Amino acid sequence: MNAFSPKAVAARLGPQLMGASDSACSTDIAVGVGLKDKRVQLEGFERNLRPAGVLVPLVAHEDGVTVLLTQRADHLPDHPGEVSFPGGAVEPCDQDAVAAALREAEEEVGMPQSHVTILGALEQRATISDYRVTPVVGLVTQFTPRLQADEVADVFEVPLSFIFDKSNHELRDRSPTNQKRREFYAIPYGERFIWGFTARILVRLSELWIIGKKDG
């Protein structure tokens with residue numbers, strides 16, 4: 001069986017993910033509030049962070065699963081022009097971060113919520129733009145993207161086999177001269193440059209993929 005077939009990916013990754021509705025957090029961040037709280041204080045951070053959800057869309061193809069990513073519009077105030085996942089802040093209409101991720105994916109790229117099967121979630125992470133983000137992992141049946149032009153400049157897919165190949169992961173240094181080292185992950189893909197928060201989530205997913213192989 002193809003190691004990256006939809007069925008194989010769901011079977012191997014699903015057990016490694018947390019329940020999508022859990023208010024889970026990464027090992028270096030303690031969260032003691034619900035996803036619906038609009039402003040929260042994270043232990044170890046001297047700023048308030050707003051809850052958000054992003055969808056990590058694993059698109060099911062006959063020849064293997066891909067990851068769908070967006071290229072943000074250049075005029076956006078946060079992370080203009082960067083590669084990202086569909087998603088955004090938890091709004092009053094959202095039950096939780098999962099609902100926010102699904103709603104935003106439908107708004108940004110026209111992904112019908114009925115096409116998404118939630119596999120689980122990764123640890124919540126804080127971003128430099130003051131969000132506490134829950135990455136929601138979903139297996140997606142194929143659809144025709146419809147871009148929200150004022151937010152999304154482009155959409156593209158990367159084979160999961162490429163993402164999970166550790167030789168494609170780079171750890172780069174963005175430290176100013178003579179200052180504390182600041183590293184970030186990057187996953188170059190052709191003319192695309194996946195880096196920062198998005199790359200870190202994909203690297204984390206690849207780590208769980210390896211754990212799933214050991215457990216299988």
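**Figure 1. Strand β8 and its partners in the predicted model.** Two strands are said to pair if DSSP finds at least two bridges between them, and the views below, all drawn from a predicted model, follow such pairings. Strand β8 covers residues 131-140, and strand β6, made up of residues 116-121, pairs with β8 in the antiparallel sense over 5 bridges. Within this pairing, Ile118 has Gly138 of β8 as its bridge partner. Strand β2 also pairs with β8, here in the parallel sense and over 10 bridges, and Val56 is matched with Val137 as its bridge partner in β8. Because 9 of the 10 residues of β8 are buried, with under 20% relative accessible area, the strand is largely enclosed by the rest of the structure.

**Figure 2. The hairpin of β7 and β8.** Strand β7, residues 125-126, pairs with β8 in the antiparallel sense over 2 bridges, and Ala126 has Arg132 as its bridge partner in β8. The two strands form a hairpin with 4 residues between them, and in the turn Asp130 has a positive phi of about 70°.

**Figure 3. Strand β3 and its hairpin with β2.** Strand β2, residues 48-61, and β3 run antiparallel and are joined by 4 bridges; together they form a hairpin with 2 residues between them. His61 stands opposite Gly64 in β3. Of the 9 residues of β3, which spans residues 64-72, 8 are buried, so this strand is largely enclosed by the rest of the structure.

**Figure 4. Pairing of β3 with β9 and β4.** Strand β9, residues 152-159, pairs with β3 in the antiparallel sense over 7 bridges, and the bridge partner of Arg72 in β9 is Val152. Strand β4, residues 83-84, likewise pairs with β3 in the antiparallel sense, over 2 bridges, with Val83 of β4 serving as the bridge partner of Gln71.

**Figure 5. The cavity and its lining.** A search of the whole structure finds 1 cavity of 30 Å³ or more, and the largest cavity holds about 40 Å³ of space. Its lining consists of Thr70, Arg72, Ser84, Phe85, Glu108, Glu151 and Val152, which by class amounts to 2 nonpolar, 2 polar and 3 charged residues. Among these lining residues are Arg72 and Val152, the pair that are bridge partners between β3 and β9.

Key:
Residues are numbered from 1 along each chain as its sequence is written. This is a predicted model: local features need pLDDT of at least 70, side-chain atom pairs count only at pLDDT 80 or more; totals for chains, interfaces and linings use all residues. Side-chain values use heavy atoms; hydrogens and water are left out. On a 1 Å grid over the protein atoms alone, a cavity is a set of points where a 1.4 Å probe fits but cannot get out, and a pocket is an open set with protein on both sides within 12 Å along at least five of seven lines; lining residues have an atom within 4 Å of a point. Grid points are joined across faces, edges and corners, and a volume is the space filled by probe spheres set on the points. Ala, Val, Leu, Ile, Met, Phe, Trp, Tyr, Cys and Pro count as nonpolar, Asp, Glu, Lys and Arg as charged, and the others, Gly among them, as polar. Buried means under 20% relative accessible area, exposed over 50%, partly exposed in between (1.4 Å probe, protein chains only).
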